[in-house]
Amino acid sequence: MYRRGLELESDYPALLEMERQSWRINFPGEYFVERAFRRELEFASEHDIHIYEEDGDIVAWLWLDLYAGRDRAHIRHLQVAEPYWGQGIGRFLVNQALLMAAEAHREQLTLNVTKSNLRAMRLYSRSGFVVLRDMGERQHMGRWVPPLEPVPDSSLGAPR
Ligand SMILES: CC(C)(COP(=O)(O)OP(=O)(O)OC[C@H]1O[C@@H](n2cnc3c(N)ncnc32)[C@H](O)[C@@H]1OP(=O)(O)O)[C@@H](O)C(=O)NCCC(=O)NCCS
């Protein structure tokens with residue numbers, strides 16, 4: 001799978017379709033305002049949105065705010081295209097977020113999740129997230145970011 005930054009104009013139709021589905025899962029009965037979604041993407045930092053592709057198709061996307069707090073990164077959204085569910089890609093995205101957070105020297109990774117979204121709840125609890133704040137139908141979860149492993153000198157190819 002190939003990772004790249006957001007290309008708003010060409011990615012927008014696919015992301016919009018995915019977001020509509022996510023909205024139905026996470027905010028059932030609430031009206032989806034497309035203009036608000038479009039504006040959020042337009043104002044997002046190009047470094048925060050990561051698109052994962054396979055053979056030109058968008059398989060998943062991750063919106064990670066690395067500067068949500070002093071030492072905290074926040075997953076604003078992550079989503080896997082439905083034909084690819086259940087193959088470990090959700091777990092892979094969480095690991096990507098942890099890695100990028102560690103590279104940016106963040107200590108904590110947080111997210112908000114809808115309690116009725118059982119797939120996402122399982123993904124996050126099995127990825128080590130715990131509830132930090134109960135917000136009724138949603139909850140704020142977080143976990144510690146493991147620091148990057150230092151590369152051992154021996155693997156850098158010591159001179160003979
Ligand atoms: C939630 C979502 C990202 C999971 O992606 P995924 O690629 O299917 O996840 P994975 O294959 O990595 O599975 C991760 C965990 O999800 C859970 N899971 C997988 N298939 C499941 C199923 N059929 N039912 C319930 N949970 C399931 C499992 O706990 C799994 O971990 P395990 O294999 O260690 O048991 C995906 O369903 C999605 O994009 N949903 C719509 C958008 C959304 O709601 N995003 C979250 C916003 S907070």
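A residue counts as exposed if 12 or fewer other C-beta atoms lie within 10 Å of its own, and as buried if that number is 20 or more. Q21 has 12 other C-beta atoms within 10 Å and is therefore exposed. The model behind this count is a predicted one. Q21 is found in helix α1, and its C-alpha atom lies 9.2 Å from that of E82, although the two residues are 61 places apart in sequence.

Next to Q21 in that helix comes R20, also in α1. With 12 C-beta neighbours inside 10 Å, R20 is exposed because that number is still within the limit of 12 or fewer. From R20 to V33 the C-alpha distance is 9.5 Å, with their positions 13 residues apart in sequence.

Helix α1 itself isn't straight. At A14 it bends by about 35°. The end-to-end span fits with that picture: for its 19 residues, a straight helix would reach 27 Å at 1.5 Å a residue, but the end C-alpha atoms of α1 are only 23 Å apart.

Stepping back to the whole chain, the fold has four helices and seven strands. Read from the N terminus, their order is β-α-α-β-β-β-α-β-α-β-β. The C-alpha trace spans about 65 × 40 × 30 Å along its principal axes. Of the 160 residues in the chain, 20% are buried. As for contacts with a separation of 6 or more, 56% of them join residues 24 or more positions apart.

Then there is the core. Nonpolar side chains tend to be buried together in soluble globular proteins. Here the largest nonpolar core has 26 residues, and the members that touch the most others are W61, L62, A97 and L109. Two or more residues of this core come from each of β2 (49-54), β3 (57-65), β4 (72-80), α3 (89-103), β5 (108-114) and α4 (118-126). A97 shows how some of these pieces meet: beyond its neighbours within four places in sequence, A97 is in contact with L62, L64, I75 and L109.

Q79 offers another view of strand β4, where it is placed. This residue has 21 C-beta neighbours inside 10 Å and so counts as buried. Setting aside neighbours within four places in sequence, Q79 is in contact with M18, S22, A60 and W61. The C-alpha atoms of Q79 and A97 are 13 Å apart, at a sequence separation of 18 residues.

On strand β2 sits E53, which is partly exposed because 15 C-beta neighbours lie inside 10 Å. Not counting residues up to four places away in sequence, E53 touches M1, Y2, R4, I58 and V59. R35 is another matter: 18 residues from E53 along the chain, its C-alpha atom is separated from that of E53 by 25 Å.

The ligand brings several of these elements together. Around it are 21 residues, of which W85, I89, G90, R91 and R122 come nearest. The elements that supply two or more residues to this shell are α1 (8-26), β4, α3 and α4. Helix α4 gives the largest share, six residues. Sorted by class, the shell holds nine nonpolar, eight polar and four charged residues.

Finally, two loop residues have backbone angles worth a look. Most residues other than glycine have a negative phi. D55, in the loop between β2 and β3, has a positive phi near 50°. H105, in the loop between α3 and β5, likewise has a positive phi, near 60°. Both positions are exposed, D55 because 7 other C-beta atoms lie within 10 Å and H105 because 12 do.

Notes:
Residues are numbered from 1 along each chain as its sequence is written. This is a predicted model: local features need pLDDT of at least 70, side-chain atom pairs count only at pLDDT 80 or more; totals for chains, interfaces and linings use all residues. A nonpolar core is a set of buried Ala, Val, Leu, Ile, Met, Phe, Trp, Tyr and Cys residues joined through C-beta atoms within 7 Å. Two residues are in contact if their C-beta atoms, placed from the backbone, lie within 7 Å. A residue is near a molecule or strand if its C-beta atom, placed from the backbone, lies within 6 Å of it. Ala, Val, Leu, Ile, Met, Phe, Trp, Tyr, Cys and Pro count as nonpolar, Asp, Glu, Lys and Arg as charged, and the others, Gly among them, as polar. The expected span of a helix is 1.5 Å times one less than its number of residues. The bend at a residue is the angle between axes fitted to the seven residues ending there and the seven starting there.
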